[in-house]
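Work through the exercises below with the coordinates loaded. Each task is followed by a stepwise solution.

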Amino acid sequence: KIKALSAPVGTTLDRWIDLNQDQFPYATGELSRLLRDIGLAAKILGREINRAGLGDITGMAGSENVQGEDQKMLDIVGHIRFVRALKMGGQVCCIVSEEKEELVLTGKNDAKYVIAMDPLDGSSNIEVNVPIGTVFGIYRRKTEIGTPPEVAKDALQKGVEQIAGGYVLFGSSTMLVYTTGYGVNGFTYDPSLGEFYLSHPKMRFPAEGNIYSINESHYFKYGEAVQHYLNHCKREGYTARYIGSLVADFHRSLIKGGIYLYPATPGVYPDGKLRLLYECNPLAFIAEQAGGLAYGNGQRIMEIAPVNMHQRVPLIIGSERMVEEAMRFLK
Ligand code: AHM
Ligand code: MG
């Protein structure tokens, strides 16, 4: 296995990608270009988000997405910005997006890669100025290059097939955190220079942690096992933190040590709320690369075989010890 790259803090994202490129002797540069396209789309979307309160884009768009939820205008803006950047970049043949029921075909049938993404997650937080994020997972296409991509073969791949996974956190600063399977690195955006800089090299979950993150208002809807676990968290004196923005809640766990749970709520979300392909899998990839764990339905998230592009799965993700402890209650 190729060793995780080390580069000094302050290296630009572009330079980092070039250095990484040298690590893959047989790579032809397409993945590097794709990562750059994502960096560019993140900058463009970040600009819209930063001035969101000024335009009339924080409200409802009047339409519903696949899951029947109201779409915020910024959700759609995020989708459009990413699709445009990815189409122009030409490295992906298709896109699975939370905002589109069908597979988005880019028309680039010669492209090698498939991307699954939630262009703007946590959108209920937009109008209250709370962190939101983009989540993405990248796969190699399984159909032959030059042919039209297919849902079953290209979109419905297991998380273990990801060759890159990451998120952009639009918080008090904008960060891009991603892995290509050789550790996790975080880049912070400097708006005055228009560049992402390596700020968090080789990110690792602290092995321990004492922060638990869950929507506890559903306590009586969760099964007994989850209730026992939550009682345990309180008895142990763990700290509760819940932003309601998956990327932000995950990022805090990654930095401070902690666990995030979105269990099933029978009657409301019988399979949990979060989507396997473009919310759980990319974060699971990052979690495992950073020494953490990610489970759903007692199974490693990345080993679940998807049957539907928008399927949901209960999620338990975070620091190793905390996830193991929760799993003991939930088995
Ligand atoms: P979204 O994709 O519609 O934005 O929903 C996903 C979000 C996650 O960011 C967050 O963790 C979760 O929904 C919060 O759900 P709830 O409000 O039920 O606690
Ligand atoms: Mg989402």
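**Exercise 1.** Determine which residues of helix α6 are buried in this predicted model.

Solution.
- Step 1. Helix α6 takes in residues 246-256.
- Step 2. A residue is called buried if 20 or more other C-beta atoms lie within 10 Å of its own.
- Step 3. The residues of α6 that are buried are Leu246, Val247, Ala248, Asp249, Phe250, His251, Arg252, Ser253 and Leu254.
- Step 4. That makes nine of eleven residues, and α6 is mostly covered.
- Step 5. Just after α6 comes glycine 257, with a positive phi of about 90 degrees.

**Exercise 2.** Place aspartate 121 in the fold, decide whether it is buried or exposed, and find its contacts.

Solution.
- Step 1. Strand β5, residues 113-121, holds aspartate 121.
- Step 2. Within 10 Å there are 24 other C-beta atoms, so aspartate 121 is buried.
- Step 3. Setting aside neighbours within four places in sequence, aspartate 121 is in contact with Ile132, Gly133, Thr134, Val135, Ser245, Leu246, Val247 and Glu279. Leu246 and Val247 also appear among the buried residues of α6.
- Step 4. The unreviewed UniProt entry annotates a "binding site" that includes Asp121.

**Exercise 3.** Repeat the analysis for threonine 134, one of the contacts of aspartate 121.

Solution.
- Step 1. Threonine 134 sits in strand β6, residues 132-140.
- Step 2. It has 28 C-beta neighbours inside 10 Å and therefore counts as buried.
- Step 3. Apart from residues up to four places away in sequence, threonine 134 touches Ala42, Leu45, Gly78, Met117, Asp118, Pro119, Leu120, Asp121, Tyr167 and Val168.
- Step 4. For a distance check, take leucine 315: threonine 134 and leucine 315 are 181 residues apart in sequence, and their C-alpha atoms are 18 Å apart in space.

**Exercise 4.** Do the same for tyrosine 262, which the UniProt "binding site" annotation (unreviewed entry) also covers.

Solution.
- Step 1. Tyrosine 262 is part of strand β13, residues 259-262.
- Step 2. The count of C-beta neighbours inside 10 Å is 24, so tyrosine 262 is buried.
- Step 3. Beyond neighbours within four places in sequence, tyrosine 262 is in contact with Gly272, Lys273, Leu274, Pro314 and Leu315. Lys273 is likewise covered by the annotation.

**Exercise 5.** How are helices α2 and α3 packed?

Solution.
- Step 1. The axes of α2 (residues 30-50) and α3 (residues 73-89) come within 9 Å and cross at roughly 150 degrees.
- Step 2. Angles over 145 degrees count as roughly antiparallel, and α2 and α3 are therefore roughly antiparallel to each other.
- Step 3. The crossing of α2 past α3 is right-handed.
- Step 4. On the α2 side the contact includes Leu34, Leu40, Ala41, Ile44 and Leu45, and on the α3 side it includes Leu74, Val77, Gly78 and Phe82. Leu45 and Gly78 are also touched by threonine 134.

**Exercise 6.** Assess the chain as a whole: its secondary structure, compactness and burial.

Solution.
- Step 1. The chain has eight helices and 16 strands.
- Step 2. Its radius of gyration is 19 Å, close to the 20 Å from the globule rule for 331 residues, so the chain is as compact as a globular protein of that length.
- Step 3. The C-alpha trace spans about 55 × 45 × 45 Å along its principal axes.
- Step 4. Of the 331 residues, 48% count as buried.
- Step 5. Of the contacts between residues at least 6 apart in sequence, 64% join residues at least 24 apart.

Conventions:
Residues numbered from 1 in each chain as written. Chains lettered and ligands numbered in written order. Predicted model: local features only at pLDDT ≥ 70, side-chain atom pairs only at ≥ 80, totals over all residues. UniProt positions renumbered as here; feature names shortened; annotations may be inferred. Helix = DSSP H or I, 4+ residues; strand = E, 2+ residues; numbered from the N terminus. Buried ≥ 20, exposed ≤ 12 C-beta atoms within 10 Å, placed from the backbone. Contact = placed C-beta atoms within 7 Å. Rg over C-alpha atoms; globule rule 2.2 N^0.38 Å. Axes fitted to C-alpha atoms, helices over the stretch in contact; angles between N-to-C directions. Parallel < 35°, antiparallel > 145°, perpendicular 65-115°, else oblique. Left-handed = near helix turned anticlockwise from the far one by under 90°.
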